[in-house]
Amino acid sequence: TIRVWNNDVSGTGAIQLLNYQGALIDQVNYAGAVFAPRFIDADDDGDADIATPFIRHDSLFLGLADANGKHLFHLLLTSGKPRIEAGGPIPWDPFVSLVMMLDVDADGKKDLVSIITTGLAREPRGIFVHSLPDGNLIGKMLIGAHIGSYIVEDLDADGRTEILIGSTAVNNGANVGGFDDARSYLILVELEPTPRI
């Protein structure tokens with residue numbers, strides 16, 4: 001079992017690995033507030049690794065640890081900034097909807113694909129592709145629309161994976177990449193080094 005723990009005073013977080021009786025096996029610490037972890041095979045060894053999104057200041061990171069709690073590496077997914085309004089700033093509020101491993105650039109090695117969305121802070125939202133373990137950004141597609149649901153599949157049977165995105169109209173004023181969040185869209189994205197609509 002994995003439990004997420006955040007220290008509101010220091011702004012740090014951790015994931016705690018528990019056995020079936022609820023006893024602590026290990027703890028992986030992060031230098032920021034931790035979100036719900038996901039499971040991916042980041043090092044391509046056939047075993048699931050723990051991918052933990054965490055935010056520090058205005059940067060969103062993904063920390064990776066193996067199933068025993070050994071830290072593998074972490075990478076910067078993206079950075080944002082607070083939304084400035086007359087009533088005061090609204091903190092940047094990213095959320096990682098998806099992390100998965102997929103060979104996007106056809107080099108024989110799997111890349112990290114993530115979908116990042118935001119709430120009131122608007123941007124950046126979209127699809128990001130990073131190489132591992134170096135964490136280099138291969139490509140991204142920013143979307144002003146608020147990403148709601150999605151399907152990841154080879155929808156047109158061409159041997160390449162697509163993401164079908166359904167957006168919601170939260171009407172926060174975001175407008176990026178030809179999409180705004182005042183309307184709902186159905187967007188089909190071809191996963192390539194730079195994702196393509």
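Here is a short walk through a few spots in this structure, which is a predicted model.

Let's start with a sheet. Three strands come together in the order 1-2-3, and they form an open sheet with antiparallel pairing. What stands at the edges of this sheet? Strand 1 (2–7) and strand 3 (24–30) do, and because each of them has a single partner strand, one side of each is left without a neighbour in the sheet. The strands aren't lined up perfectly either: neighbours in this sheet are turned by 20° against each other on average, if you ignore direction.

Now zoom in on one of those pairings. Strand 2, covering residues 12–18, runs antiparallel to strand 3, and six bridges join the two. If you'd like a pair of residues to look for, try L18, which stands opposite L24 in strand 3.

Next, hop along the chain to S97, which you'll find in strand 11 (residues 94–102). Is S97 buried or exposed? Its relative accessible area is 15%, and buried means under 20%, so S97 counts as buried. And which residues does S97 touch? Leaving out residues up to four places away in sequence, S97 touches R38, I115, T117 and Y150.

For a contrasting stop, go to L188 in strand 19, which spans residues 186–190. L188 has a relative accessible area of 41%, so it is partly exposed: that label covers values between 20% and 50%. L188 also has company at the surface. Together with I151 and L155, L188 makes a nonpolar surface patch of about 240 Å².

How values were computed. Residues are numbered from 1 along each chain as its sequence is written. This is a predicted model: local features need pLDDT of at least 70, side-chain atom pairs count only at pLDDT 80 or more; totals for chains, interfaces and linings use all residues. Side-chain values use heavy atoms; hydrogens and water are left out. Helices (H or I, at least four residues) and strands (E, at least two) are DSSP runs, numbered from the N terminus. Buried means under 20% relative accessible area, exposed over 50%, partly exposed in between (1.4 Å probe, protein chains only). Contact means heavy atoms within 4.5 Å. Patches are made of residues with over 30% relative accessible area and no salt bridge: like charges are joined within 9 Å, nonpolar side chains (Val, Leu, Ile, Met, Phe, Trp, Tyr) within 5 Å. Accessible areas come from the Shrake-Rupley method with a 1.4 Å probe; for residues, only the protein chains shown count as cover. A salt bridge is a side-chain nitrogen of Lys or Arg within 4 Å of a carboxyl oxygen of Asp or Glu. Two strands pair if DSSP finds at least two bridges between them. Axes are lines fitted to C-alpha atoms, for helices over the stretch in contact, and angles run from 0 to 180 degrees between N-to-C directions.
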